[in-house]
Amino acid sequence: MEKITEKLLLEKGSPKTNKLEQIKTLNLSKMALKLEDLPVKLLSRLRSLERLDLSGNRLQEFPKRLELPALRYLDLSDNQMEDVTTLESLRALEELKMDDNLYITVSDNHKLFVLLPNLRIYNSKDVTATANHLRYVYSDNLRTRIIAVWERSFSLPDPVSAEKLSSLKKNFVSAARQQVKFGPTSVADFTKWRVEILAKEYLRSLAEPKEDSDDEAHTENNDDTDVSEVTDGPDKETGPKRKQTDAAADASISLTPRKKLRADLPESPAESSPRKSSLRLKPLAGTQSRMSPLKPNRSPSTPSKAETRAETPRRSAKVQQVKEAEKKENLSRKEAKAAQLYRNAHVLPIIKACSKTKPVSLKPLHALQCHSKQDSSDDFSTQLWACAFQPQSESSAGSRLVATCGGDSVCVIDCETGKVMKKYKVPGEEFFSLAWTTVLMSRGISAPSQPCSILAAGGKRGLVKLIYHRNNMAYGEFRASRKSLSVLRFNHRQGNFLFTGSYDNKIIMWDIGGLDKHCNFKVVQLLTLEVGTTPLHICLPPASPDTHLLTACEDGLFCYNTQLGANSTTKKSNKMEITFPIYKMEDKQQNYHTIDGLSFLTDDVVASKSHTHGSIYLWSWSGTRSQRPGKRSGSVCAVVLAELQWAVTDVPYLSLNTCPGQGYIVCGDDKGQIWTYHVANLQKNSSQRGETIPPTQVLEWPTPVRKGLGRIEGPSINSVAMDPELHYLVALTDKNLVVIWKSEVLS
């Protein structure tokens, strides 16, 4: 046996380097290693290690104190492992091999699934569904039985002392282990082990109640047909059909529930071929010039002094009225000063963080008519609704590929060439939303698993279509709702967790698992949120995607606690509404509660809008969440950091988007214009009360021209997307056009 030294690790690691901290792959297989041969202090320096092979050794357990934060793959096959709980520190582990360890039991396997929250591949098999069942459903059943044992036979001592608690803990855990019977006898050891852990957690929650935490106290409310599939080649641009929202439409035309009625602009005549080559771009003069359109005067969102006085109850004495008014005015000034200090504390760091990024000049590159009904070049009525760029993990060209959906098809487009690389058609479907993710594909015992990009799309039928575009196949589908789907969103930290929003006013969390080499998969429903209104957008906080969810809805913006492990998979309460200052200006003619745009700009800054407001709010997630919800309303007011000037329009569902890496916010309007905001351009005085920040640049509609048939006038921009580096901006319209801009960095 060779001694483990720094020199040996550098020789057996890769890439070749002279620093342990830079090693990503390490092979220590077949070295007859035992536990005492693994120097924890030395191995702990492998902070970037992603793959570790310890197969063919004599290990009975893993070093308990060894933490490898970047480790994703571990091979412990052909060892003598007995105690699997020593692997608990490897929280980021996604794939584990334990073949040919004679002492490992089924209960040990179950323990691993619970101890390693990110484990997806075990012994070359996808275990995501089984693991999540044990982590959440099985554990919830045990927790319910443990609580029953407590309520039946135990209570906290009065007064509470360390000695009494210690005795109570011993008796309660012992009783729970003996009385809680659940699951097959083959995993009895696992059940007792899990019961002991949960019983201790429950007693701790009773004896040491948490303070109002960010995760709990501030989010509580105080009150069918077979699908056919056609895959077109790279240069195909034939297209599908999509819901038409014409206010004057004939009664025989059925409208899908996706969007409210909006008056459609007249269709442009067309006779030529639908090939993209026949669509040429003629940018208007001054397309790239910076614009700061003035906005009509609106009532300020902050109540005036007169309004404040009007809200004060009448007093019998005039002196009392004056005192009350002065008190209100002083309070208003204090609140304004506090709000200004808060804005300065948050807006300025945003400006500083984005100051290294430079504004870009965006120029139109391609206009594609690739979702046409029956491949018709006359189709300028199909509405396109959602677009998203492929994650960059699978290929270097990932940031160039964008997926778009509308009508009965989903397209994958190369932004540089303007070619439709893949096209998936489902006759009779109308796609409303799509989302990319990355899951693991297991390739058998002889090969390690590999990440693969998956595209999910859904719409009118309530079915989620799962597409593995690299293999040119839609490998599966599942029913997410009996009604139409309005939005899809993957958890960026747990790529196999998918949220679906639907027109039955529900948001459901699914585990779609991974794939095997035959593209087999399994879907498990994990959580249902009763929203009470149609969800239009779903956002997960970048820093806490496993515990919180924001949803922009027809009737407001809501925050939910989505942390799994509660006693029920259905949550009707535990929600908090987030309100905005503009709500105070509502009347019978104006309703600002429909939030039709939502996206995170940074870990803390959120951009949102209501189409009737004419502005985009930037507000603080942490500042808003830290407030205590009202006892009656269950709501908090968003801590607004800035207000961005946007178009004046009554057209809903014009989605905004953000590019955090480049500090950009982008939103289209109903005239074909795209409003762009570079956060680094925010001035220190632009967050003063009553002021709005003009856009950095407004991109004019590039007016594509049909040969011999004239210009296509500016349509509504339903959706926009940017790649992480902002090389490309893609806009979808309600006239069956996908328009791609390419950026140039301004000096």
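Student: Let's start with Asn505: what is its relative accessible area, and is it buried, exposed or partly exposed?
Tutor: Keep in mind that this is a predicted model. Asn505 sits in the loop between S20 and strand S21 (506-511). Buried would need under 20% and exposed over 50%. With a relative accessible area of 24%, Asn505 is partly exposed.

Student: What is the sign of phi at Asn505, and roughly what is the angle?
Tutor: Asn505 is not a glycine. Even so, its phi is positive, at about 65°.

Student: Where does Tyr653 lie, and is it buried or exposed?
Tutor: Tyr653 is another non-glycine residue with a positive phi, about 65°. Look for Tyr653 in the loop between strand S32 (639-645) and strand S33 (656-659). Its relative accessibility is 2%, and the cut-off for buried is under 20%, so Tyr653 counts as buried.

Student: Moving on to S19, how many of its six residues are buried?
Tutor: Strand S19 covers residues 485-490. The rest of the structure largely encloses this strand, because the buried count among its six residues is five.

Student: Which strand does S19 pair with through five bridges, and do the two run parallel or antiparallel?
Tutor: Strands of a sheet pair through backbone hydrogen bonds, in either of two senses. For S19 the partner is S20 (residues 497-502), with a hairpin of six residues joining the two. Across the pair, Leu485 stands opposite Ser502. The five bridges link S19 to S20, and the two strands run antiparallel.

Student: What does UniProt place at residues 478-512, and how much of that stretch is strand?
Tutor: The record, an unreviewed entry, gives the feature "repeat: WD" there. In the model, the C-alpha atoms at the two ends of the stretch are 10 Å apart. Helix accounts for 0% of residues 478-512, and strand for 57%.

Student: Next, Leu549: what is its relative accessibility?
Tutor: Leu549 belongs to strand S24 (residues 548-553). Leaving out residues up to four places away in sequence, Leu549 touches a set of residues that includes Phe499, Ile507, Leu529, Ile538, Pro541 and Phe558. Leu549 counts as buried, with a relative accessibility of 0%.

Student: How far apart are the C-alpha atoms of Leu549 and Tyr560?
Tutor: Along the chain, 11 residues separate them. In space, Tyr560 is among the residues that Leu549 touches. Their C-alpha atoms are separated by 5.2 Å.

Student: What about helix H5: how far does it reach from its first C-alpha to its last?
Tutor: H5 spans residues 162-179, which is 18 residues. At 1.5 Å a residue you'd expect 26 Å. The model comes close to that, reaching 25 Å.

Student: Which helices do the buried residues of H5 pack against?
Tutor: The buried residues of H5 are Leu168, Phe172, Val173, Ala175 and Ala176. Seen down the helix axis, they fall within an arc of 165°, so they line one face of H5. The face turned away from them carries the exposed residues Glu163, Lys170 and Gln178. Packing against the buried residues of H5 are helix H4 (128-153) and helix H6 (188-207).

Student: Which residue does a cis peptide bond join to Asp158?
Tutor: The omega of that bond is about 5°. The residue in question lies in the loop between H4 and H5. It is Pro159.

Student: And which proline follows Ser14 through a cis peptide bond?
Tutor: Here omega is near 0°. The proline is found in the loop between strand S1 (13-14) and strand S2 (25-27). It is Pro15.

Student: Which strands stand at the edges of the open sheet of seven strands?
Tutor: The order is S1-S2-S3-S4-S5-S6-S7, and the pairing is mixed. Each edge strand has a single partner, so one side of each is left without a neighbour in the sheet. The edge strands are S1 and S7 (125-126).

Student: In S7, what is the bridge partner of Ile121?
Tutor: S6 (residues 121-122) and S7 pair in the antiparallel sense over two bridges. In S7, the residue bridged to Ile121 is Asp126.

Student: Last one: what share of the chain's 747 residues is buried?
Tutor: The chain has nine helices and 41 strands. Its accessible surface comes to about 33100 Å², with 48% belonging to carbon and sulfur atoms. Of the 747 residues, the buried share is 55%.

Terms used. Residues are numbered from 1 along each chain as its sequence is written. This is a predicted model: local features need pLDDT of at least 70, side-chain atom pairs count only at pLDDT 80 or more; totals for chains, interfaces and linings use all residues. Side-chain values use heavy atoms; hydrogens and water are left out. Buried means under 20% relative accessible area, exposed over 50%, partly exposed in between (1.4 Å probe, protein chains only). Helices (H or I, at least four residues) and strands (E, at least two) are DSSP runs, numbered from the N terminus. Two strands pair if DSSP finds at least two bridges between them. The expected span of a helix is 1.5 Å times one less than its number of residues. The arc is that of the directions from the helix axis to the C-beta atoms. Contact means heavy atoms within 4.5 Å. UniProt positions are given in the numbering used here, feature names are shortened, and annotations may be inferred rather than shown by experiment. Accessible areas come from the Shrake-Rupley method with a 1.4 Å probe; for residues, only the protein chains shown count as cover.
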